[in-house]
Amino acid sequence: MATARDIMHKGVESISEHETLDVAAKRMRDAGIGALAITDSDGGLRGVLTDRDIVLRCVATGHDPSAVRAAELMNGKPVTAMADDHTDSVVAAMAAKRVRRIPVLDGDALVGMISEADIARKLGAAEAGALAAAIRAN
């Protein structure tokens with residue numbers, strides 16, 4: 001059976017929890033991605049910041065992205081998968097927590113990220129469709 005390591009994107013883009021959202025947005029634009037891992041000063045995972053977070057929780061509420069730090073948008077402990085977790089448990093966790101992306105850890109080290117698109121490419125349309133429906137369910 002496939003594991004998180006088999007379907008993840010390796011080499012996760014990250015941003016310090018102390019960096020501002022305008023810097024995060026530029027990094028996402030330049031890398032062509034929609035999410036960054038938020039890390040502490042030791043490189044440990046603190047959260048995930050998405051382009052949607054920046055728009056809805058900063059810009060749309062009238063805040064200045066150059067004055068808001070990534071840490072200010074974190075909501076508790078991030079949902080994660082371990083590199084050797086089976087893909088069915090990863091998909092179940094994403095559906096249960098209604099997240100579109102999940103960081104992958106090997107021990108304490110951040111080693112990858114799995115997105116809905118990764119699920120579709122590696123596990124097929126049926127699995128991706130079920131995940132999308134679960135994420136969007138009320």
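**Two pockets, and what earns them the name**

Modeller: Let me start with the second largest pocket, whose volume is about 310 Å³. This is a predicted model, where local features need pLDDT of at least 70, side-chain atom pairs count only at pLDDT 80 or more, and totals for chains, interfaces and linings use all residues. Residues are numbered from 1 along each chain as its sequence is written, and side-chain values use heavy atoms, without hydrogens and water.

Biologist: What makes a set of points a pocket?

Modeller: A 1 Å grid is laid over the protein atoms alone, and a pocket is an open set of points with protein on both sides within 12 Å along at least five of seven lines.

Biologist: Which residues lie nearest the centre of the second largest pocket?

Modeller: His9, Ile33, Arg101, Met113 and Ser115, out of 15 lining residues; a residue counts as lining because it has an atom within 4 Å of a point.

Biologist: Why is H5 called a helix, and what does H5 give to this lining?

Modeller: Helices are DSSP runs of H or I with at least four residues. Helix H5 spans 116-123, so H5 fits that rule, and H5 gives the most to this lining, with 3 residues.

Biologist: How much space lies in the largest pocket?

Modeller: About 610 Å³, where a volume is the space filled by probe spheres set on the points. Its 21 lining residues include Val48, Asp53 and Arg98.

Biologist: What makes Asp53 and Arg98 charged, and how many charged residues line the largest pocket?

Modeller: Asp, Glu, Lys and Arg count as charged, so both qualify. The lining has 9 charged residues, with 8 nonpolar and 4 polar.

Technical notes
On a 1 Å grid over the protein atoms alone, a cavity is a set of points where a 1.4 Å probe fits but cannot get out, and a pocket is an open set with protein on both sides within 12 Å along at least five of seven lines; lining residues have an atom within 4 Å of a point. Helices (H or I, at least four residues) and strands (E, at least two) are DSSP runs, numbered from the N terminus.
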